[in-house]
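Me: I'd like to learn how to read a few features off a model. Can you walk me through them, starting with pockets?

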Amino acid sequence: MIFKQLLTLIIIFTSLSYGESLNHFIRGRRFYQSSEKIKLFKIENNITDLYYDQELDHFKEADKRTWKQRYWVNDQFFRRQSGPVFLMIGGEGEENPIWMTKGNWVELAKKYNALLVMLEHRFYGKSRPTEDMSTDNLKYLSSEQGLADLATFRQFIHSSFNLTDSNRWISFGGSYPGSLSAWFRLKYPHLVFGAVSSSAPMLALINFTDYLVVVNNSLSLYSANCPRYISQATKQIQDLMKTQGGRLTLQKLFRTCDPIDTDDDVTNFYSAVSGNFEEAVQYNKDNRLSSNTSITIDLLCDTMAHESIGDPLTRYAAVNDIFLQEFAQSCLDISYKKFINELQQSSWQSEAAVGGRQWTYQTCIEFGFFQSTDSQKHPFGQTVPADFYIKQCKDIYGPDYDLKLLERSVLDTNTNYGGYNYEGSRVVFINGEIDPWHALGFTAKPPNTFTDTIFIKGTAHCADLYPASDRDPIS
C-alpha cells in the first residue's frame, strides 16, 4: 500500500509544474510560506485577532516605545468565580487561531472551566515590534523579552477580565514555547501557578549531535535496515561528489535547481537531503492541526527498502521526490548563496519573515541547537559540521556573530535558566520517544522533586498537544 502511495506521489509530481522554492526545514523547524489555511481557520472558528500595546524594551525604563502584539481569547468555557486561565505561548512562527477551539488544552479547558488566551511571540506572525527585521532591530528579539511580554500581558488580561487570585494561571507550550512555559514559571512564579512544557529543549548547546542519533534510533524502531540503506546511499553520494560528472548525476537525480558548485553548496545539499528524514521523524504521525503531511517514517523507510525502485541512491532520490511533491516544489534548492541571500532579507514582506530569519537569529545569539552530523551514530556521514552553522550566522548577520559570541551567549542562557539544573516548580515536562528534541529535555527523571515528567513511547514532537486521534499510539 505504501509503495503504491509512493508511486502515486512521483507520478503526480512529474505531471505538475511548480515555482522554485527554497528548502524551509531550518534548524529543526519547517517554515511554511502560505497563511491561507490560517485565514480559513479564522473564519471557521469565529475567533478575532486582538492587539495589546506591548513595551518594546522591558529592560530600559526610559524607553517608552510600544507596539501592537497579537493575541486571542476564548471564554466560552470560563467560570469567572474560580476557573483557571490557560495561556498558550506562541513561538517561532505565525500563530494559528485554530488553537483556540482545538487541541488537548481545549479539552482540559472544558473540564476545568478555563479561560483560554494565546499570545503570539514578538517578531513572528503579525506581532512586529519594529519597522523591519534588520540585525539592529533584532536585538529586541530574545527569550527574556518574550518572557517579559508574557508577564505584562498576563497582568493586562488579569485586569481586563477582573480576575482574582482564585483564577490560577497555567501556561502551555511546545518546543521553544515549551521552554518558555517552564522558564515563565521559573522567572515569574507569582504570575503563573503551574506550567505544561512539551518537547522543550532545556539545555542550550552549540553542537547538538544527539539530534541525528535520535533520528537514527527512531528510524531503527520501524526498521533496523532503514539506517543501513541510508548509509549506503550516503556513501554513493560522497563518491559522486568527488567528480564533476558525479555531481551532474546528483543534480539530475535530486532535481536540484542549480549546479552543485561550491563546497558550501555541497554541505547545503547534504543538509537538505538528510533534512527530509529529520523532518519526517520529528513530526511523525503527530496529528497536526494545519499544514499536516502524509509523510511518515513508514513511508520513507519502506521507500528505502524497495529494491524495485533501484539502488540505495535511487531510493534516496525517490524520498526527495516525495518531499518536493508534498511541498509543491519543482526542484531542490541547494544553493548556499540563495539561502544566505534569503535570510539576509529584513523586510516584513520577504520570504524570510515567515520565521526563518528570526529563528536563525535566536539560535545564533541564544541557543545554538546546531543539528550537526559530528556524531558517528547515524547514517548520514560526517557531512554537515557544526562549523557550517557558525558560518551561516556570520554570513547572515555579520562577522561579529562568531563562535566566541555564541559560546558566551549559550553560557548566559544556561546560567539564566539553569539548563539541566532547572529549579522551577509545578511543571510537567512531556516528551516523545521518537522526537529528536527529547535529547535536550527531561524524560525519565525530573530535574527536582517539585516537577514531573511524562515520556511517551512511539510519539513525536509536541504530539501530546494536538487533538486525540484514532491513529495515536496506545501509549
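Reply: Sure, and keep in mind that this is a predicted model. For a pocket, start with the volume, then look at the lining. Here the second largest pocket holds about 520 Å³ of space.

Me: Which residues are the closest to the centre of the second largest pocket?

Reply: They are I456, T459, A463, D472 and P473, out of 29 residues that line the second largest pocket.

Me: And which helix gives the largest share of that lining?

Reply: That's α6, with 3 residues. At least two lining residues come from each of α3 (104–112), α6 (210–222) and α10 (297–305).

Me: Okay, on to aromatics. What describes a pair of rings?

Reply: Two quantities: how far apart the ring centres are, and the angle between the planes. Searching the whole structure turns up 35 aromatic pairs. Take Y336 and F388: the centres are 5.6 Å apart and the planes sit at 45°, so this pair is tilted. For that label, the angle has to be neither under 30 degrees (stacked) nor over 60 (edge-to-face).

Me: Which parts of the chain does the pair of Y336 and F388 tie together?

Reply: Y336 belongs to helix α12 (residues 336–343) and F388 to helix α14 (residues 386–397), so the contact links parts 52 residues apart in sequence.

Me: Is Y336 buried or exposed?

Reply: The cut-off for buried is under 20% relative accessible area. Y336 has 6% relative accessibility, so Y336 is buried. F388 is buried as well, at 5%.

Me: Which residues form an aromatic cluster?

Reply: One cluster is made of Y176, W183, F208, Y211, W359, F367, F369, Y417 and W437.

Me: What about charges over rings?

Reply: Check where the charged end sits relative to the ring. R168 has its charged end over the ring of F193, 4.1 Å from the centre. R315 lies over the face of Y229, with 5.2 Å to the ring centre.

Me: Last one: how do I read a strand, say β8?

Reply: Look at burial, then at the neighbours. In β8 (residues 194–198), 5 of its 5 residues are buried. G194, V196 and S198 point one way, while A195 and S197 point the other. On the pairing side, β7 (residues 169–174) runs parallel to β8, joined by 5 bridges, and I170 has G194 as its bridge partner. Strand β11 (residues 427–432) also pairs with β8 in the parallel sense, over 4 bridges, with V196 opposite V428.

Me: Which helix joins β7 and β8 in a β-α-β unit?

Reply: Helix α5 (residues 176–187), and the unit is right-handed.

Definitions and conventions:
Residues numbered from 1 in each chain as written. Predicted model: local features only at pLDDT ≥ 70, side-chain atom pairs only at ≥ 80, totals over all residues. Heavy atoms only, no water. Phe/Tyr/Trp six-rings, centres within 6.5 Å; stacked < 30°, edge-to-face > 60°. Buried < 20%, exposed > 50% of the residue type's maximum accessible area, 1.4 Å probe, protein only. Lys NZ or Arg CZ within 6 Å of the ring centre and 35° of its normal. Pairing = 2+ DSSP bridges. Right-handed = clockwise from strand over helix to strand, strands pointing away. 1 Å grid on protein atoms, 1.4 Å probe; cavity = no way out; pocket = protein on both sides within 12 Å on 5 of 7 lines; lining within 4 Å. Points joined across faces, edges and corners; volume = space filled by probe spheres on them.
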